[in-house]
Amino acid sequence: MEKSFLRINKNERSMSLQHIDLKKKELVVKRNGQTYNLLDFNAVLERRSGFTVQDLVNDSQVLEESLFHEETSYHKEHVLKEANELIDFIHYYIENTSVKVIGKYEHRKLNKLKVLYLATSLGLSVPETFVVSTKADLIRLTKEYCNNIITKAISDGVYLFTNLHGYYSYTERLTLDTITSKLSTSFFPSLIQKEVKKLYEVRSFYLEGAFYSMAIFSQSDKATQTDYRKQGKAKLASRMVPYQLPDATSALLTKLFQVLNLTTGSADFMVDEKGEHVFLEINPVGQFSMTSIPCNYQIEKIIAEKLSCI
Amino acid sequence: MYIDLKELALREAAKMHYPLFYNFIIYNELLEKDENYSLTDFKKFNERLDCDIEYQQPSKLISKIINFNEID
């Protein structure tokens, strides 16, 4: 497979947008002294950000300085909105002039609650899900589900690196003790789910109708029981093996991807103690190598072949 | 080498303004840059990947080897 390609990374400082000409069908970027019309490419794989504000704004520090009288942030928000509008169009233009497109820029972010709602309506099993804002409601749920509830972010968790510190948040189990001793009487509306007592987890990468699934045995280590990303000292990695979704689950999940108009993404499941596959969420820009490498699926090769066969 | 994790303390008065998972944020101090280990910052064009690879030693090193069983 000998195909020329261009890879555009997030915040690639050596690349700059030269111009867009709608009539001539030109979207020209310059990188390392070489210019490319991105509309000349006939296949595209969209994953994560691609173009970012940093690719368009030469010195973002300048935006930190005040510009207007009595107003410190309007100009910054305004320029960033202008940049994001342009970035939206750049991706849209490339996708719409390409013959083959895998992934879409507009699908890089999904609403977790919307996806859970759709999954339920299609018949997938999902955890009992609530959004609550009072300690009284939490205590009621804790008693109803025998101390088996968890909380996690509705959007993304905290994953922040400052100059001096790294900050992280994960899925957390809430016990009656924790709720009564640690939490306030009321709080920002928060996502609560009944904890699925898992035999193992499943990560399933979807690509144009096919699933590449992996089972993750994360239950035996206390640190990874609630969130497998929390690796303990004893085991730095949970065991991961190739896996096949049951036909019924696969059919429902395919339908969900179709309803969401997604051609690719990663779905997360917990398999509970009864063997039921409980759907958790879809990551539309999922890291497929974490499934491809342990299971030897060679997904990157499959994607390359799909992009080449046009 | 393992990095000690600590729980981020929220002020009581602030707790009501944050989602619940903010009560469980953990953090660690990042390792100091080793001045004796000098990996020269440089950029190299990778022909196979068709993109620039930037090699840059961060001022604070980030390690993923952290032990979640022992949080202070």
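What follows is a walk through the folded chains, from the overall make-up down to single residues.

The model is a predicted one. Chain A is built from eight helices and 16 strands. Of its 310 residues, 45% are buried. The accessible surface of chain A adds up to about 16,900 Å², and carbon and sulfur atoms account for 50% of that. Contacts in chain A also tell something about how the chain folds back on itself: taking those between residues at least 6 apart in sequence, 66% join residues at least 24 apart.

Next comes the inside of chain A. In soluble globular proteins, nonpolar side chains tend to be buried together. The largest nonpolar core here has 22 residues, and the members that touch the most other members are L253(A), L256(A), F257(A), F269(A), F279(A) and I282(A). Several elements of chain A chip in with at least two residues each: the helices α3 (112–122) and α6 (247–259), along with the strands β12 (198–207), β13 (210–217), β14 (239–243), β15 (264–272) and β16 (277–283). Take L253(A) as an example. Leaving aside residues up to four places away in sequence, L253(A) touches L124(A), F211(A), L245(A), A267(A), F269(A) and F279(A). Apart from this core lies another one, made of 19 residues, including L6(A), L38(A), V53(A) and I87(A).

One member of that other core, I87(A), is also among the buried residues of helix α2(A). Helix α2 of chain A runs over residues 74–97, which is 24 residues. At 1.5 Å a residue, a span of 34 Å is expected, and the end C-alpha atoms sit 35 Å apart, so the two values agree. Which residues of α2(A) are buried? They are H75(A), A83(A), I87(A), I90(A), H91(A), Y93(A), I94(A) and E95(A). The cover over these buried residues of α2(A) includes the strands β1 (15–21), β2 (26–31), β4 (43–45) and β5 (100–102), plus the helix α1 (53–56), from chain A.

Helix α2 also carries some aromatic side chains worth a look. Over all chains, the structure holds 18 aromatic pairs. In one of them, the ring centres of F89(A) and Y92(A) are 6.5 Å apart and the planes meet at 35°, so this pair counts as tilted. An α-helix has 3.6 residues a turn, so residues three or four places apart point the same way. F89(A) and Y92(A) are three residues apart in helix α2 of chain A, and therefore about one helical turn separates them. F89(A) is partly exposed, at 29% relative accessible area, while Y92(A) is exposed, at 51%. Together with Y93(A), these two residues form one aromatic cluster.

Another tilted pair is made by F130(A) and Y145(A), with 6.1 Å from centre to centre and 45° between the planes. This pair links distant parts of the chain, 15 residues apart: F130(A) belongs to strand β6 (residues 129–134) of chain A, and Y145(A) to the loop between α4 (135–144) and β7 (149–152). With a relative accessibility of 24%, F130(A) counts as partly exposed. Y145(A), at 13%, counts as buried because the cut-off for buried is under 20%.

How many disulfides does a search of the whole structure find? The count is zero over all chains. Two cysteines of chain A have contrasting surroundings: C146(A) is exposed, with a relative accessible area of 60%, whereas C295(A) is buried, at 8%.

A couple of loop residues have an unusual backbone angle for the record. K25(A) is not a glycine, yet its phi is positive, at about 55°. K25(A) sits in the loop between β1 and β2 of chain A, and it counts as exposed with 53% relative accessibility. E70(A), likewise not a glycine, has a positive phi of about 55°. The place of E70(A) is the loop between α1 and α2 of chain A, and its relative accessible area of 82% makes it exposed.

Finally, chain B. A9(B) is found in the loop between β1 (3–7) and α1 (12–15) of chain B, and it counts as exposed, at 71% relative accessibility. From A9(B) to I26(B) there are 17 residues in sequence, and their C-alpha atoms are 9.1 Å apart in space.

Conventions:
Residues numbered from 1 in each chain as written. Chains lettered and ligands numbered in written order. Predicted model: local features only at pLDDT ≥ 70, side-chain atom pairs only at ≥ 80, totals over all residues. Heavy atoms only, no water. Helix = DSSP H or I, 4+ residues; strand = E, 2+ residues; numbered from the N terminus. Buried < 20%, exposed > 50% of the residue type's maximum accessible area, 1.4 Å probe, protein only. Contact = heavy atoms within 4.5 Å. Areas by Shrake-Rupley, 256 points an atom, 1.4 Å probe, with all protein chains shown as cover. Core = buried A, V, L, I, M, F, W, Y, C linked by side-chain atoms within 4.5 Å. Expected span 1.5 Å × (residues − 1). Disulfide = S-S within 2.5 Å. Phe/Tyr/Trp six-rings, centres within 6.5 Å; stacked < 30°, edge-to-face > 60°.
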